[in-house]
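Here are some notes on the model you sent, set out as numbered points. I have kept each point to one region, so that you can follow it with the structure open beside the text.

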Amino acid sequence: MASPASASTGEVNQTSALTHCQACGSTSLETFYTLPSIPVHSCLMVKSREDALAFPAGKLDVAVCHDCGFIQNRKYDASLQNYSPEYEETQGFSGTFRAFQTELCRDQVARYSLEDKLVLEIGCGKGEFLTELCEMSGGRGIGIDPGYRPERNTSEAASRIEFRNEFYSPEHASLRADYIACRHTLEHIGDVKGFMEIVAKSVEGRDDAILCFELPGTERILEERAFWDIYYEHCSYFTLGSLARLFRRHGFQLLDLYKGYDDQYLLIEARTGDASHGRCFEAEQDLEATLAMVKDFKDSIQTKFATLREELAEAASRGPVVLWGSGSKAVSYLTTLGITDQVSAVVDINPHKHGKFLAGTGHEIVAPEALKDIDPAHVLIMNAIYVDEITRDIHAMNLSPTIAAL
Ligand SMILES: [Zn+2]
């Protein structure tokens with residue numbers, strides 16, 4: 001078996017390790033997980049196998065802060081990241097994800113009376129959430145994301161939304177929105193403290209502005225040793241408690257703190273005004289539990305690698321193995337375990353990804369229909385939440401591989 005990350009042959013960037021917690025400033029950091037090489041992007045569309053194999057790589061030096069529980073990659077270098085329109089992060093092609101987004105929009109419009117309000121979304125991606133929110137509320141929006149693609153947005157609500165193809169930066173503090181959404185973005189931000197300072201400045205002097213942030217939760221990653229959810233693009237990792245502490249440090253009142261999407265995502269809703277008001281949540285008291293989970297992760301991650309390699313070898317001995325889902329989990333799973341030939345293809349339902357290649361390993365991304373020719377013996381689904389949806393699709397093609405999920 002190849003050593004971990006040997007599948008990623010791109011040049012590894014040398015960055016010295018951060019010495020301070022990027023959320024609270026503490027120097028009480030403890031590294032608990034390292035990888036010598038992992039592609040710096042996993043959602044960027046790579047046009048040839050050659051480019052995919054030579055894709056730039058960076059290092060993981062994942063550390064927990066003993067003071068606030070925030071987890072970060074100390075070797076993260078933002079200058080290696082390129083969030084262009086070629087960045088294909090959307091999960092909008094999945095019915096399961098769309099249903100979750102629709103429900104969240106409905107809930108937020110009702111809960112915060114967003115009719116006729118100005119909504120700002122930081123890191124709006126392709127604009128699906130902001131557009132749906134404005135469709136429901138009838139209100140106006142501003143979406144900020146360097147990867148936005150106007151030609152893909154055909155909604156009537158798009159005429160009420162100003163999309164800016166740029167990164168969120170200090171100049172955006174002058175945008176005075178009533179409601180600020182930030183979904184699946186904070187985990188890509190290295191300087192978390194600086195980012196929150198811009199957000200706080202943009203609502204300075206107001207007592208009625210609402211914030212809603214959504215991001216992957218780290219509790220499950222630690223508990224399940226889900227190393228495929230740790231990758232270069234995600235430099236920052238939160239639990240409900242460390243997220244709440246971040247918002248409190250920047251002077252926000254908490255309105256709600258919970259998990260969604262089968263407990264995979266953290267959601268925090270907060271407002272401006274006196275930070276001593278608002279609600280307190282039991283989940284905020286998780287620092288000790290987080291440190292204990294970090295220790296367990298550190299002690300058992302090598303065993304997890306060995307088990308998964310054995311399982312994959314067994315499946316490959318029966319016939320072609322296919323991964324379903326070509327996002328970051330697939331890139332991290334394959335490059336971390338050093339897997340190349342044991343996987344025949346990687347399937348994705350997003351047509352914009354077909355014919356492109358997976359960074360690091362060079363696997364071609366194919367449409368589900370390609371499975372008819374491959375006739376897989378085993379399909380490994382990258383996210384358990386899609387098992388029902390994908391199993392139906394596979395059986396509809398009259399295929400009967402064994403199916404498992406990470
Ligand atoms: Zn900290």
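1. Before anything else, please bear in mind that this is a predicted model. The burial of Cys-24 and Cys-68 is a useful place to begin, since the two residues fall into separate classes: Cys-24 is partly exposed, with a relative accessible area of 24%, whereas Cys-68 is buried, with a relative accessible area of 2%. The cut-off for calling a residue buried is under 20%, and Cys-24 at 24% is therefore classed as partly exposed.

2. Both of these cysteines belong to the zinc site, where the ion is coordinated through the SG atoms of Cys-21, Cys-24, Cys-65 and Cys-68, at 2.3 to 2.4 Å. The angles among the four donor atoms run from 107 to 113°, and the site is tetrahedral. Along the sequence, the donor residues follow the spacing C-x2-C-x40-C-x2-C. The pair Cys-24 and Cys-68 links distant parts of the chain, with Cys-24 in the segment before β1 (29-39) and Cys-68 in the loop between β2 (57-65) and β3 (71-73), 44 residues apart.

3. Gln-22 also has its place in the segment before β1, and with a relative accessible area of 19% it is buried. Because the limit for buried is under 20%, I would read that label together with its value of 19%. The side chain of Gln-22 reaches the backbone oxygen of His-20 at 3.1 Å. Beyond residues up to four places away in sequence, Gln-22 touches Phe-70 and Gln-72, as well as Gly-190, Asp-191, Val-192 and Lys-193.

4. Which residues outside glycine take a positive phi in the loops? One is His-184, with a phi of about 55°, and this residue lies in the loop between β7 (179-183) and α4 (192-202). At 21% relative accessibility, His-184 counts as partly exposed.

5. Asp-375 likewise has a positive phi, near 45°, without being a glycine, and is placed in the loop between α9 (371-374) and β15 (378-381). Its relative accessible area of 49% makes Asp-375 partly exposed, because exposed is reserved for values over 50%. Although Asp-375 and Gly-319 are 56 residues apart in sequence, their C-alpha atoms are 8.6 Å apart in space. Leaving aside neighbours within four places in sequence, the contacts of Asp-375 are with Pro-320 and Leu-399.

6. Ala-173 sits in the loop between β6 (161-164) and β7 and is buried, with a relative accessible area of 9%. Ala-173 and Glu-197 are separated by 24 residues in sequence and by 9.1 Å in space, from C-alpha to C-alpha. When residues up to four places away are not counted, Ala-173 touches Ile-198, Lys-201 and Ser-202.

7. Arg-220 is found in helix α5 (residues 219-223) and, with a relative accessible area of 18%, is buried. Apart from its neighbours within four places in sequence, Arg-220 is in contact with Arg-225, Ala-226, Asp-229, Gln-264 and Lys-329.

8. Helix α7 (residues 287-316) deserves a check of its length against its shape. At 1.5 Å a residue, its 30 residues should span 44 Å, and the C-alpha atoms at its ends are 41 Å apart, which agrees. There is nevertheless a kink of about 50° in α7, centred on Ser-300, and Ser-300 is among the buried residues of the helix. The other buried residues of α7 include Thr-290, Met-293, Val-294, Phe-297, Ile-301, Phe-305, Leu-308, Arg-309, Leu-312 and Ala-315. An α-helix has 3.6 residues a turn, so residues three or four places apart point the same way.

9. What covers the buried residues of α10? In helix α10 (residues 387-396) the buried residues are Glu-389, Ile-390, Thr-391 and Ile-394, and their cover includes α2 (95-111), β12 (321-324), β15 and β16 (402-405). Just after α10, Asn-398 takes a positive phi of about 60°.

Notes:
Residues numbered from 1 in each chain as written. Predicted model: local features only at pLDDT ≥ 70, side-chain atom pairs only at ≥ 80, totals over all residues. Heavy atoms only, no water. Donors = N, O, S within 2.8 Å, 3.2 Å for Na, K, Ca; no water. Tetrahedral: all angles 85-135°; square planar, octahedral: opposite > 155°, others 65-115°. Helix = DSSP H or I, 4+ residues; strand = E, 2+ residues; numbered from the N terminus. Buried < 20%, exposed > 50% of the residue type's maximum accessible area, 1.4 Å probe, protein only. Polar contact = N/O pair within 3.5 Å; in protein donor to acceptor, adjacent residues only side chain to side chain. Contact = heavy atoms within 4.5 Å. Expected span 1.5 Å × (residues − 1). Bend = angle between axes of the 7 residues up to and from the residue.
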